[in-house]
Amino acid sequence: MNKKDDICIYFFINFEFKKIMCGIVGYIGKREAYPILIKGLHRLEYRGYDSAGVALINGKQQLNVYKAKGKVADLEHAVESKDISGTIGIAHTRWATHGEPNQVNAHPHYSESEELAIIHNGIIENYAVLKQGLIENGYSFKSETDTEVLVQLIEHIKKTDKTDLQTAVQLALNQVVGAYAIVVLDQNNPDKMVAARKGSPLVIGIGENEYFLASDATPIVEFTDKVVYVGDEEIVHLRRNKELSIKTIGNVVKTPEIKKLEMTLSQLEKGGYPHFMLKEIFEQPTTLATSMRGRVNIEHNNITLAGFIDNKERFLNAKRIIITACGTSWHAGLIGMHAIEEFARIPVVVEYSSEFRYRSPVINSDDVVIAISQSGETADTLAAVELAKSHGAFIYGVCNVVGASIPRAAHSGSYTHVGPEIGVASTKAFTAQVAVLTMLALMIGREKGTLSQERYLQIVAELGKIPEKIKETLKQDDLLAEFAKTFTYAQNFIYLGRGYNYPIAMEGALKLKEISYIHAEGYPAAEMKHGPIALINEEMPVVVIAPHCGTYDKVVSNIQEIKARKGRIISIVTEGDTIVRDMSDYSISIPATEECLVPLLAAIPLQLLAYHIAVVKGRNVDQPRNLAKSVTVE
Ligand code: F6R
């Protein structure tokens, strides 16, 4: 990256994108490893959480492995009377895809002799063939996992070739088809561990005579700000009191590139809030300001996105823009579509990455593909990027996690810069994605001349006021908490919006579904009468986003239709509105703003409403059931 704000790393990562959403931590150094590993697992728990485990080599050169089904707290409970000493260790939190989430399938996995232990994030696709070969050589298996196959293979090679651990790992990985981030311990070598990556992320933290290792930087940040992002197909040799050494599985020696971590510990703490999600909702005035810093120049009413400027011609010559993303990021993409079509007059299609990649989409070399992803690791979006790239399209990433796979695979892009988002439900990343896409739309529009200078200046000036207006909107938190109590009875919710606010209706519904487990649907308000209106009765809460904008009168009519069927209206209105407010059972106002910027304000009460309903219902807000933060499986 040569420009701080933008993604300028171009790599082509060629692999099958099936991975497991697990978290990996490792430590070697002078301190007791266990507390560091457990803390690290807690930090990574947002990635996946159905089982966890730890392996430590103690002072007597014994390799102890402990595992538990459930959360990291269950693991802590399971090791209460166990020997957890040792200054070298690895740990893992799992979100199962292969093999049910139980203690046996949890990582780490021992090798046959129990001299080696491995943790793994990924999928070994040819594990069945490898397993068969190992069974023929007398190996037996305790778990249903592909990971156990890998550690047995490493042991087999180590023993038959009489080679060291690093070489055995290298030879084994040469036989493996799939994706992995692995770390291996050898009880006969308590002063080293070997890690490798292909596809799944891996970061090494460099301390004073100690190394930390993790799937992302969150477990590392409190110990050091010096990190090395392990590259694809690289094997890292971490030795006590010795320099880090890296070589590829093809045996090319690499020089570790040490980077400074742009993350602070306070970003990973709840900072007095009961949940990360609430903290992240309240951070939005700041995160939006950060997202715009250095990009929106209020004094000169100007926007500068370096990733766009460097590739202006690609955008100006684009016949079409394809936006690809999943979930909340896809909703941000829909808002981006509205803005790009309105200001830049370029046709835009918004595609679910999972659908896009598996049909036979028409992609041309003059298409620009915008891939949106908070984590930057979503498997379907990454695969969509690779597909579009193989057709010669220009890829622009809008991602949050610096150095993640999607920004690395993109030709250019813009980071959202909201810091780590820990709550599984995306909030601050969403508003920043919308802000970045809006900035992009405004820049293209101005460059193309499809947006007048006057309108451009008006919107830029208004964009600068959004953080303050979000702050205003957040003041209604108490009111929303009150409303929430009323609606916990509901089995279903409907969310309605039009134009820029239709995606907000879908986003509000998604937030409610994922954290409160209440079924909710987001609809374009006018579509109600084509079917869903049959659902309306006095029990049905209908959230209507009805700010003062182009379709206001139409939305008022849509509300009348619902009122006539006794639906209960919760409205999001512009400050000073009386018409919709009087028609509503409950109403929340947001400050007046430009129509294209309303989503940035309207999203806030919907995030808070979902949050408070989930809290009243006693849900695990930050780690809702069945979900993981980084969806690295197809
Ligand atoms: C919902 C949510 C998910 C993600 C989706 C894509 O709150 O967080 O729907 O938006 O899994 O994730 P990213 O943006 O990391 O690609």
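**Definitions at Work: A Dialogue**

Guide: H417 is placed in the loop between β22 (412-415) and α14. These element names refer to DSSP runs numbered from the N terminus: helices are H or I runs of at least four residues, and strands are E runs of at least two. The model is predicted, so local features need pLDDT of at least 70 and side-chain atom pairs count only at pLDDT 80 or more, while totals for chains, interfaces and linings use all residues. Residues are numbered from 1 along each chain as its sequence is written, and side-chain values use heavy atoms, with hydrogens and water left out.

Visitor: What makes H417 worth naming, given that it is not a glycine?

Guide: Most residues other than glycine have a negative phi, and most peptide bonds are trans. H417, however, has a positive phi of about 55°.

Visitor: Why is the peptide bond that joins H107 and P108 called cis?

Guide: The omega of that bond is about 0°. P108 itself is located in the loop between β4 (88-94) and β5.

Visitor: How do you know that β12 and β13 pair?

Guide: Two strands pair if DSSP finds at least two bridges between them. Strand β12 (residues 234-239) and β13 have 4 bridges in the antiparallel sense, and therefore the condition of at least two is met. One example is H237, whose bridge partner in β13 is S245. The two strands form a hairpin with 5 residues between them, and N241 in the turn has a positive phi of about 55°.

Visitor: Do tell me, what makes β13 and β14 a pair as well?

Guide: Strand β13 (residues 245-248) and β14 are joined antiparallel over 2 bridges, and because the rule asks for at least two, they qualify. K247 has V253 in β14 as its bridge partner. This hairpin has 4 residues between its strands, with N251 in the turn at a positive phi of about 80°.

Visitor: Which sheet contains these strands, and why are β5 and β14 called edge strands?

Guide: The sheet is open and has 7 strands, in the order β5-β6-β7-β8-β12-β13-β14, with antiparallel pairing. β5 (109-110) and β14 (253-254) each pair on one side only.

Visitor: Why is the contact between E222 and R43 called a salt bridge?

Guide: The term requires a side-chain nitrogen of Lys or Arg within 4 Å of a carboxyl oxygen of Asp or Glu. The closest N and O atoms of E222 and R43 are 2.9 Å apart, so the pair satisfies the rule. It links distant parts of the chain, 179 residues apart: E222 is in the loop between β10 (211-214) and β11 (226-229), and R43 is in helix α1 (residues 33-44). The structure holds 30 salt bridges.

Visitor: How do you know where domain 2 and domain 3 begin and end?

Guide: The bounds come from an automatic or database domain assignment. It gives domain 1 (23-262), domain 2 (276-472) and domain 3 (477-616).

Visitor: What makes domain 2 and domain 3 count as being in contact?

Guide: Contact means heavy atoms within 4.5 Å, and 33 residues of domain 2 are in contact with 25 residues of domain 3. The area buried between them is about 2,500 Å², of which carbon and sulfur atoms give 74%; such an area is the accessible area (1.4 Å probe) that two parts lose on being put together, summed over both.

Visitor: Which salt bridge joins R455 to a partner, and how many lie between the two domains?

Guide: The count between domain 2 and domain 3 is 1. R455 is bridged to E594, with the closest N and O atoms 2.9 Å apart.
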